[in-house]
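User: I'm new to this one and would like a walk through it. Could we take it a question at a time?

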Amino acid sequence: MAETRTEALHQNAEGLDIQAPDAILSSLANAQIEAAKAVRGAIPAIAKAAEIIASRLKSGGTLAYAAAGSSGLMALADALELPGTFGIQRDRIAILIAGGDEAFKTLAGGPEDDTDEASAAVAAAGIGEGDCLIAVSASGSTPYAVRAIEEARARGAATIAIANNKHAPLLRLAEVAILLETPPELIAGSTRMGAGTAQKIALNMLSTLAAIHLGHVHDGYMVNLMADNIKLRDRAARIVAAISGRDRDDAARLLEKSGGVVKTAILLAAGAANADAAEKILEGTGQKLRPALSAIEGSMRQKASVLKTEPEKGQQGD
């Protein structure tokens with residue numbers, strides 16, 4: 001492990017403990033910025049992985065995250081926000097973290113070596129054909145993450161690996177390997193810092209692009225959000241108002257008619273006959289709002305054209 005990049009000593013670490021606080025914090029901030037830059041090199045792999053995730057979710061599959069320690073917390077943060085932000089059903093997301101629920105209290109190191117627990121967790125989540133598993137490990141050799149990806153592959157699931165060391169076992173095992181080649185940590189081996197930052201960015205990019213593929217984003221708006229509190233209900237109304245051009249009160253009324261579904265409310269504003277009609281249009285466009293709006297616009301133009309060409313009553317020929 002001492003030879004891996006994530007365990008190496010940072011070039012600016014010497015004398016860190018006797019530096020002035022401002023100097024230490026400046027070094028910490030710069031290290032985070034450098035770590036974040038590492039994500040750019042992984043963009044092609046992230047793009048490929050997002051397509052796979054979107055395909056599995058669109059077909060009714062499950063998206064699973066498997067990790068231990070700090071990497072587990074990064075995975076957890078991304079996974080838990082998908083329902084609220086993008087409306088992905090909670091029962092379509094599985095979070096496998098070494099140590100189970102106890103990890104949320106202690107984050108003990110021992111469970112990351114428990115390969116039997118990893119196998120059992122993948123099996124208990126029912127991961128198999130049609131599903132996708134993302135395994136995350138800074139070192140790329142964490143036994144829990146490695147076994148989880150092996151088990152998922154054996155069961156026919158698509159696999160994605162995120163690691164911060166080249167040639168890591170985890171990357172070799174995955175269908176799509178996302179290498180985040182972050183610099184050594186300012187505190188050697190403390191991968192909750194730079195490596196964790198890069199993982200969080202990559203996971204956010206990955207899930208956001210997958211959501212865009214699924215039609216859950218329109219322009220910069222989360223049009224499939226789950227509005228289950230006051231703040232999100234207000235956001236939903238503002239999204240409907242912004243896209244439809246209606247005022248805030250009208251948007252709220254349309255949301256009520258749509259049962260709180262943002263896309264449906266927007267289509268009602270655009271001229272859909274009712275909520276059922278709007279939902280049928282969305283089904284026909286794969287839940288994508290832009291082509292659904294175009295379909296309504298085209299239908300309304302066609303109706304207007306027919307009305308213009310029809311002679312008025314009393315003006316028809318013999």
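User: Let's start with a single residue. Is Asp-219 buried or exposed?
Analyst: Keep in mind that this is a predicted model. Asp-219 sits in the loop between strand 6 (217-218) and strand 7 (221-222). Exposed means over 50% relative accessibility. Asp-219 comes out at 53%, so the label is exposed.

User: What is the phi of Asp-219, roughly?
Analyst: Asp-219 isn't a glycine, yet its phi is positive. The value is about 55 degrees.

User: Gln-287 has a positive phi too, I hear. Which loop holds Gln-287?
Analyst: Right, phi of Gln-287 is near 70 degrees, and this residue is something other than glycine. Its relative accessibility is 33%, so Gln-287 counts as partly exposed. As for its place, look in the loop between helix 11 and helix 12 (289-309).

User: Now the open spaces. What is the volume of the largest pocket, and which residues are closest to its centre?
Analyst: The largest pocket has a volume of about 700 Å³. Its lining is made up of 32 residues. The ones closest to the centre are Gly-87, His-216, Asn-224, Val-261 and Gln-287.

User: Which element gives the most to the lining of that largest pocket?
Analyst: The elements that give two or more residues are helix 2, helix 8 (230-244), helix 9 (248-257), helix 10 (262-270) and helix 11 (275-284). By class, the lining of the largest pocket has 15 nonpolar, eight polar and nine charged residues. With five residues, the top giver is helix 8.

User: How many cavities of 30 Å³ or more are there, and how much space lies in the largest cavity?
Analyst: The count comes to one cavity of 30 Å³ or more. The space in the largest cavity is about 40 Å³.

User: What lines the largest cavity, and which element gives the most to that lining?
Analyst: The lining residues are Ile-53, Leu-57, Leu-63, Leu-82, Ile-88, Ser-207, Ala-210, Ala-211 and Leu-214. Two elements give two or more of them: helix 2 (43-58) and helix 7 (194-213). By class, the lining of the largest cavity divides into eight nonpolar, one polar and no charged residues. The element that gives the most, with three residues, is helix 7.

User: Which element gives the most to the largest nonpolar core?
Analyst: Nonpolar side chains tend to be buried together in soluble globular proteins. Here the largest nonpolar core has 36 residues, and Ile-53, Tyr-65, Ile-134, Ile-178 and Leu-206 touch the most other members. Two or more residues come from each of helix 2, strand 1 (63-67), helix 3 (69-86), strand 3 (132-137), strand 4 (158-163), strand 5 (176-179) and helix 7. With eight residues, the element that gives the most is helix 2.

User: What does Leu-206 touch, leaving out residues up to four places away in sequence?
Analyst: Leu-206 is one of the residues that touch the most other members of the largest core. Leaving out residues up to four places away in sequence, its contacts are Ile-46, Ala-49, Ala-50, Ile-53, Ile-134, Ile-162 and Ile-178.

User: How many residues are in the second, separate core?
Analyst: Its members include Ala-64, Ala-135, Leu-170 and Leu-171. The size of this second core is 25 residues.

User: Why does Ala-157 count as buried?
Analyst: Ala-157 is in the loop between helix 5 (143-154) and strand 4. Beyond residues up to four places away in sequence, Ala-157 touches Ile-127, Gly-128, Glu-129, Asp-131 and Ala-152. Buried means under 20% relative accessibility. Ala-157 counts as buried because its relative accessibility is 8%.

User: How far apart in space are the C-alpha atoms of Gln-89 and Met-226?
Analyst: Gln-89 is found in the loop between helix 3 and strand 2 (93-97). In sequence, Gln-89 and Met-226 are 137 residues apart. In space, C-alpha to C-alpha, the separation is 9.5 Å.

User: Last one: which residues does UniProt list for "domain: SIS"?
Analyst: The UniProt entry is an unreviewed one. The span it lists is 43% helix and 16% strand, and its end C-alpha atoms lie 14 Å apart. According to that record, the domain covers residues 53-216.

Terms used:
Residues are numbered from 1 along each chain as its sequence is written. This is a predicted model: local features need pLDDT of at least 70, side-chain atom pairs count only at pLDDT 80 or more; totals for chains, interfaces and linings use all residues. Side-chain values use heavy atoms; hydrogens and water are left out. On a 1 Å grid over the protein atoms alone, a cavity is a set of points where a 1.4 Å probe fits but cannot get out, and a pocket is an open set with protein on both sides within 12 Å along at least five of seven lines; lining residues have an atom within 4 Å of a point. Grid points are joined across faces, edges and corners, and a volume is the space filled by probe spheres set on the points. Helices (H or I, at least four residues) and strands (E, at least two) are DSSP runs, numbered from the N terminus. Ala, Val, Leu, Ile, Met, Phe, Trp, Tyr, Cys and Pro count as nonpolar, Asp, Glu, Lys and Arg as charged, and the others, Gly among them, as polar. UniProt positions are given in the numbering used here, feature names are shortened, and annotations may be inferred rather than shown by experiment. A nonpolar core is a set of buried Ala, Val, Leu, Ile, Met, Phe, Trp, Tyr and Cys residues joined through side-chain atoms within 4.5 Å. Buried means under 20% relative accessible area, exposed over 50%, partly exposed in between (1.4 Å probe, protein chains only). Contact means heavy atoms within 4.5 Å.
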